[in-house]
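Work through the exercises below with the model open. Each task is followed by a solution in steps.

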There are 2 protein chains.
Amino acid sequence: MFLAMATTDTNARFCCQPLMENVLTEDAAAELATLLKALADPVRLRIMSIIAAAPNSEICTCDLPDLLDRSQPTVSHHLSQLTKAGLVEREQRGKWAWFRIAPERLEAVANALHA
Amino acid sequence: MFLAMATTDTNARFCCQPLMENVLTEDAAAELATLLKALADPVRLRIMSIIAAAPNSEICTCDLPDLLDRSQPTVSHHLSQLTKAGLVEREQRGKWAWFRIAPERLEAVANALHA
DNA sequence: ACATCACATTGATGTTTGTCGATACGATAC
DNA sequence: GTATCGTATCGACAAACATCAATGTGATGT
């Protein structure tokens with residue numbers, strides 16, 4: 001939905017007539033870029049993938065440093081990025097933190113990419 | 001297709017039983033991350049959007065600096081990134097460079113995001 | 001209370017990225 | 001050829017990012 005998210009905010013002149021209606025606003029572009037950026041890292045993609053493949057579609061943080069071959073602070077940082085972007089949701093259970101994918105949010109990104 | 005792109009490359013131990021089958025390989029994750037990174041910038045998203053909305057779904061580079069409010073070198077750099085990622089295709093016509101979206105490539109990214 | 005465990009935060013470091021001025025390249029027009 | 005125009009490349013710089021060791025925090029169990 002490069003189209004669907006669209007509202008115009010530019011009134012520029014052109015020499016080859018591109019129309020500026022139905023084009024991503026600077027704001028809309030920034031918002032979508034933020035989401036894509038949150039996904040655009042191999043470690044974070046693998047986290048999403050691991051969650052999607054896990055029983056009950058949820059994981060405990062404790063497994064990730066081993067699975068991802070990254071330090072605990074690094075994993076924590078990536079989970080925080082994904083959470084902040086709204087792509088995963090965090091739930092505390094005793095001392096463990098569990099994460100699930102926020103499907104609507106992920107779907108929104110995927111849909112935004114269909115022209 | 002966090003699932004569809006999957007083949008395993010990790011045999012880690014776990015305390016909360018996540019399965020490591022059907023999980024993105026490090027290589028697959030890196031590849032997908034590269035594509036997402038190419039899209040994860042407001043200027044590049046607007047470029048894609050402008051192309052998608054343009055007549056004949058193509059644009060001449062010459063219009064972009066004005067439309068995007070960025071210098072010519074900056075625009076050139078972003079177009080180069082998108083081209084390198086295979087998300088757009090370049091065609092020289094006289095002195096002008098024209099760009100079109102590579103739909104399969106963009107679709108592949110979108111599909112990879114459906115769980 | 002105390003020790004322990006799971007996780008977050010801080011601080012530091014090397015790398016990558018977006019940006020632009022200056023310049024080089026390549027095609028067109030004269 | 002020479003001038004001009006559209007675009008790419010180079011060099012520099014500041015901002016953002018991934019990473020980890022060290023430390024802080026908050027809950028559990030004894």
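**Salt bridges and a DNA strand**

B:Arg100 is partly exposed, with a relative accessibility of 35%. The model is a predicted one.

**Exercise 1.** Find the salt-bridge partner of B:Arg100 and state whether that partner is buried or exposed.

Solution. Step 1: B:Arg100 pairs with B:Glu58, and their closest N and O atoms are 2.9 Å apart. Step 2: B:Arg100 sits in strand β3 of chain B and B:Glu58 in strand β1 (residues 58-60) of chain B, so the pair links parts of the chain 42 residues apart. Step 3: the relative accessibility of B:Glu58 is 12%; buried means under 20%, so B:Glu58 counts as buried.

**Exercise 2.** Which residues of chain A form a salt-bridge network with A:Glu58?

Solution. Step 1: A:Glu58 forms a salt bridge with A:Arg93, at 2.7 Å between the closest N and O atoms. Step 2: A:Arg93 belongs to strand β2 (residues 88-93) and A:Glu58 to strand β1 (residues 58-60) of chain A, so parts 35 residues apart in sequence are tied together. Step 3: A:Glu58 also meets A:Arg100 in a salt bridge, 2.8 Å from N to O. Step 4: the network links A:Glu58, A:Glu91, A:Arg93 and A:Arg100.

**Exercise 3.** Identify polar contacts to phosphate oxygens of DNA strand D.

Solution. Step 1: a side-chain N or O atom of A:Arg70 is 2.8 Å from a phosphate oxygen. Step 2: for the side chain of B:Ser76 the distance is 2.9 Å. Step 3: B:Ala97 uses a backbone N or O atom, at 3.0 Å.

Conventions
Residues are numbered from 1 along each chain as its sequence is written. Chains are lettered from A and ligands numbered from 1 in the order in which they are written. This is a predicted model: local features need pLDDT of at least 70, side-chain atom pairs count only at pLDDT 80 or more; totals for chains, interfaces and linings use all residues. Side-chain values use heavy atoms; hydrogens and water are left out. A polar contact is a pair of N or O atoms within 3.5 Å; within protein, one must be able to donate a hydrogen and the other to accept it, and residues adjacent in sequence count only if both atoms are side-chain atoms. A salt bridge is a side-chain nitrogen of Lys or Arg within 4 Å of a carboxyl oxygen of Asp or Glu. Helices (H or I, at least four residues) and strands (E, at least two) are DSSP runs, numbered from the N terminus. Buried means under 20% relative accessible area, exposed over 50%, partly exposed in between (1.4 Å probe, protein chains only).
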